[in-house]
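Trainee: I've got a model open and I'd like to learn how to read it. Could you walk me through it, feature by feature?

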Amino acid sequence: LVAALVLAISPAVVGLNRGNIADTAMTLFLVLAADAMSAALASGRQRYLVYAAIWVGIAFQTKMLEAWLVLPAFALAYLFGREEPWSRKLRQVAVAGIVAIVVSLSWMTVVTLTPAHDRPYVDGSQNNSVFTQVFVYDGFGRTNQQGAFQQFLGGVPINPDVLDGPPPQWNRLLKGDMGRDVGWLLPAALVIGISGLFTRRRSYFILWAGWLIPMALVFSDVFIVHGYYTAALSPPIGAILGAGVASLWESRSDVRKVVLRQCGAAGLIVAGTVAYALWLTRSSGADAPGWLGPVAAGMAVASFVLLMATAAWPRRRILATALFASTAAVLVIPASGAVLVASGHQGYMNSPFESKRTTAMYNVLGGLSSGKASSAILPIFEKLQGGSPYVMAVYTSAVASIFTAASGKEFLPIGGFTGSIPEPTIGQLEGMIRAGKFHLVLLTGGHDPRLNWFAHHCQRLGPGGGSAGLFTCSPA
């Protein structure tokens, strides 16, 4: 229940679920996989390992390599969490691993075996390969080593300042917008998760800490990352904190020295978590509700006193009250942030307590992506469209998607999402013009040979120069 509560109030999760993003489904499938792994740890049956592998495979098809980050944790939890012969455990894990790979790569294999002329070009690859798209463009091309990703940008070095999110660094998830997305409870979860590896719940903590730590390290180190990715950290954070509360509740019957040690550690974790949350709310320069800081600090003090009282007088009712107060104290600030995101009609690109400047920037981006800026000029394009199937051709699918979302009509993208994809070629574009597929072209400038071809072979509509502007192309 505590784990579910932490997941439900996570600002990253609330913001993510207010948009149409695949990370929501991937997170669900990974939680179902972890549920199957829990059944496997309890029973030792192969079928639950296979169920977990199937869920991970489906999660991979939802968000690619990110889903595989949980596989080492699942394998280690089973290998070290079951008291059985190693040969049997290794065989069971190997079977599950094969199932995970087969399910994960099934759709990609079908795409690869389909002749290129019978399917769309695979965006994100220079060779029409879905494996390149998944493992390079959206995989290792996201790491700090820029070489793999530069091929999609013509070899131009990438400046981290123009990308969404801070540059790679060890504390990227603990400050700024990413800290206010998911960092609130991350230090507490790391402390409890690592210490839990030395308790009788070792397999449980291997499972969830093994999900949390590798994924957090990857998010801290990859070169291109968006804040809403961090929602995938909320399930393990919730599971670990829930286990911490459960462990404290179970300690009530232990000797007083053990209770004192555990309650003292819990008090320090609560105090540190609330103090860190107060710093996060103020670090952006945003105007947090005036009551939030004093209330959170007061709740932290009250919970610390109750925990110390439990250590002195280990009574069931006092401990229950202390656990309730401690949980409320560490959740009040992130829960308030989640409420602000929802009540402010914000979405997956926003973070709670963000500065006014950041909010204004995302409001402008939201207006552009929703098609508000393009809806005013769409009637002009549609009037010039004539009888062509495509309203017009545009440079990159990022631009095409804005017009399509606003009108529901088809716009021909050139160069894929980044503009660097060699599809369609100049020859293909000439053939489509001759076939009457389109005759209008909206160019935004650049050095792409296809843009230069349009600028030299088509007629500009209106004043201007270079390869930017609105052009009409004759079939002749």
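Mentor: Sure. One term before we start: helices here are DSSP runs of H or I, at least four residues long, numbered from the N terminus. Keep in mind that this is a predicted model.

Trainee: Then let's take a helix. How long is α4, and what comes just after it?

Mentor: Helix α4 covers residues 46–63, and its 18 residues reach 26 Å from first C-alpha to last, close to the 26 Å expected at 1.5 Å a residue. Just past its end, Met 64 takes a positive phi of about 65 degrees.

Trainee: Which residues of α4 are buried?

Mentor: The general idea is that an α-helix has 3.6 residues a turn, so residues three or four places apart point the same way. In α4 the buried ones are Leu 49, Ala 52, Ala 53, Val 56, Gly 57, Ala 59, Phe 60 and Lys 63. They cover an arc of only 165 degrees around the axis, which puts them on the same side of α4. That buried set packs against α3, α5, α6 and α7.

Trainee: A lysine in that list! What does Lys 63 form a salt bridge with?

Mentor: Side chains of opposite charge can pair when their charged atoms come close. Here Lys 63 pairs with Asp 23, with the closest N and O atoms 2.8 Å apart. That links helix α4 to helix α3, across 40 residues of chain. Lys 63 also meets Glu 66 in a salt bridge at 3.7 Å, N to O, so look at Asp 23, Lys 63 and Glu 66 as a network of salt bridges.

Trainee: Are those three buried or exposed?

Mentor: The cut-off for buried is under 20% relative accessible area. Lys 63 has 16%, Asp 23 has 2% and Glu 66 has 12%, so each counts as buried. For another salt bridge, try Arg 88 with Glu 84 at 2.4 Å; Arg 88 is partly exposed, at 30%.

Trainee: And the nonpolar cores? How many residues does the largest have?

Mentor: It has 84 residues, and Leu 30, Phe 74 and Leu 185 are among those with the most contacts inside it. Helix α11 gives the most to this core, with ten residues. A second, separate core of 16 residues includes Leu 412 and Cys 473.

Trainee: Which cysteine does Cys 473 form a disulfide with?

Mentor: Cys 458, with the sulfur atoms 2.0 Å apart. The torsion about the S-S bond is about 100 degrees, so the disulfide is right-handed. Both cysteines are buried, and this is the one disulfide in the structure.

Note on methods. Residues numbered from 1 in each chain as written. Predicted model: local features only at pLDDT ≥ 70, side-chain atom pairs only at ≥ 80, totals over all residues. Heavy atoms only, no water. Core = buried A, V, L, I, M, F, W, Y, C linked by side-chain atoms within 4.5 Å. Buried < 20%, exposed > 50% of the residue type's maximum accessible area, 1.4 Å probe, protein only. Helix = DSSP H or I, 4+ residues; strand = E, 2+ residues; numbered from the N terminus. Expected span 1.5 Å × (residues − 1). Arc of directions from axis to C-beta. Contact = heavy atoms within 4.5 Å. Disulfide = S-S within 2.5 Å. Salt bridge = Lys/Arg side-chain N within 4 Å of Asp/Glu carboxyl O.
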